[in-house]
Amino acid sequence: DVTTSYDLELADENKHLIVEIHGGQLNCYYGEKETTDVQVKLTKNIMNEIVTGTMTLQKAFMSGEITAKGDFKTLRNFDTLFQF
């Protein structure tokens, strides 16, 4: 029963990947959303490392490879919700 949203800004692609979770349903799309729980700025390379499992979002944040703002508990939960 998780309800949350992420704005993953792929800075080098000039795109925003919106990830919404509501009641067990996942909705992902490129576009804009006025408000999200967490806004993350990263590169396509870092995103690829996260989805291939060679890096976690938390590790990328702690190492300074990404920046984030918003609800940091939700940021930490990303790696639990999405186990690559």
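**Exercise 1. Serine 5 and its surroundings**

Is serine 5 buried or exposed? Identify the strand that holds serine 5, and state which residues distant in sequence are in contact with serine 5.

*Solution.* The structure is a predicted model.

Step 1. Serine 5 belongs to strand β1, which spans residues 3-10.

Step 2. The relative accessible area of serine 5 is 8%. The cut-off for buried is under 20%, so serine 5 is buried.

Step 3. Neighbours within four places in sequence are set aside. Serine 5 is then in contact with Val19, Glu20, Lys33, Thr35, Thr36, Asp37 and Val38. Two residues of this list, Glu20 and Lys33, return in Exercise 4.

**Exercise 2. The order of the strands**

Determine in what order the 5 strands are arranged in the sheet, and which strands stand at the edges.

*Solution.*

Step 1. The order across the open sheet is β3-β2-β1-β4-β5, and the pairing is mixed.

Step 2. The edges are occupied by β3 and by β5 (67-70). Each of these two has a single partner strand, so one side of each lacks a neighbour in the sheet.

Step 3. On average, neighbouring strands of the sheet are turned by 15 degrees against each other, with direction ignored.

Step 4. Two helices may now be placed against the strands. Helix α1 (residues 44-51) lies across β1, β2 and β4, and runs at about 110 degrees to β4. Helix α3 (residues 72-81) lies across β1, β2, β4 and β5, and its angle to β1 is about 90 degrees.

**Exercise 3. The hairpin of β2 and β3**

Describe how β2 and β3 are joined, and decide how many residues of β3 are buried.

*Solution.*

Step 1. Strands of a sheet pair through backbone hydrogen bonds, in a parallel or an antiparallel manner. Here strand β2 (residues 15-22) and β3 run antiparallel, and 6 bridges join them.

Step 2. Individual partners can be named. Valine 19 stands opposite cysteine 28 in β3, and isoleucine 18 has tyrosine 29 as its bridge partner in that strand.

Step 3. Between the two strands of the hairpin there are 2 residues, and glycine 23 takes a positive phi near 55 degrees.

Step 4. Strand β3 has 6 residues (25-30), and the number buried is 0, so β3 lies largely in the open.

Step 5. A further side-chain arrangement involves lysine 15 and tyrosine 30: the charged end of lysine 15 sits over the ring of tyrosine 30, 4.9 Å from the ring centre.

**Exercise 4. The salt bridge**

Find how many salt bridges the whole structure contains, and explain which parts of the chain are tied together.

*Solution.*

Step 1. Side chains of opposite charge can pair when their charged atoms come close. The search of the whole structure yields 1 salt bridge.

Step 2. The side chains of lysine 33 and glutamate 20 meet in a salt bridge, at 2.8 Å from N to O.

Step 3. Lysine 33 is located in the loop between β3 and β4 (38-42), whereas glutamate 20 is in strand β2; the pair therefore ties together parts 13 residues apart in sequence.

Step 4. Lysine 33 has 31% relative accessibility and counts as partly exposed. Glutamate 20, at 18%, counts as buried.

**Exercise 5. Helix α2 and the aromatic rings**

State which residues glutamine 58 touches, and classify the pair formed by phenylalanine 61 and phenylalanine 72.

*Solution.*

Step 1. Glutamine 58 is in helix α2 (residues 57-62) and, at 23% relative accessibility, counts as partly exposed.

Step 2. Apart from residues up to four places away in sequence, glutamine 58 touches Arg76 and Asp79. Glutamine 58 and aspartate 79 are 21 residues apart in sequence, yet their C-alpha atoms are 7.2 Å apart in space.

Step 3. The structure contains 4 aromatic pairs. In one of them, the ring centres of phenylalanine 61 and phenylalanine 72 are 5.5 Å apart and the planes stand at 40 degrees, so the pair is tilted. This pair links phenylalanine 61 in helix α2 with phenylalanine 72 in helix α3, 11 residues apart.

Step 4. Phenylalanine 82 and phenylalanine 84 form a stacked pair, with 6.3 Å from centre to centre and 10 degrees between the planes. Phenylalanine 82 is buried, at a relative accessible area of 16%.

Step 5. Tyr6, Phe78, Phe82 and Phe84 together form one aromatic cluster.

Methods: Residues are numbered from 1 along each chain as its sequence is written. This is a predicted model: local features need pLDDT of at least 70, side-chain atom pairs count only at pLDDT 80 or more; totals for chains, interfaces and linings use all residues. Side-chain values use heavy atoms; hydrogens and water are left out. Buried means under 20% relative accessible area, exposed over 50%, partly exposed in between (1.4 Å probe, protein chains only). Helices (H or I, at least four residues) and strands (E, at least two) are DSSP runs, numbered from the N terminus. Two strands pair if DSSP finds at least two bridges between them. A salt bridge is a side-chain nitrogen of Lys or Arg within 4 Å of a carboxyl oxygen of Asp or Glu. Contact means heavy atoms within 4.5 Å. Axes are lines fitted to C-alpha atoms, for helices over the stretch in contact, and angles run from 0 to 180 degrees between N-to-C directions. Rings of Phe, Tyr and Trp (its six-membered ring) pair if their centres lie within 6.5 Å; planes under 30 degrees apart count as stacked, over 60 as edge-to-face and the rest as tilted. A charge sits over a ring if NZ of Lys or CZ of Arg is within 6 Å of the ring centre and within 35 degrees of the ring normal.
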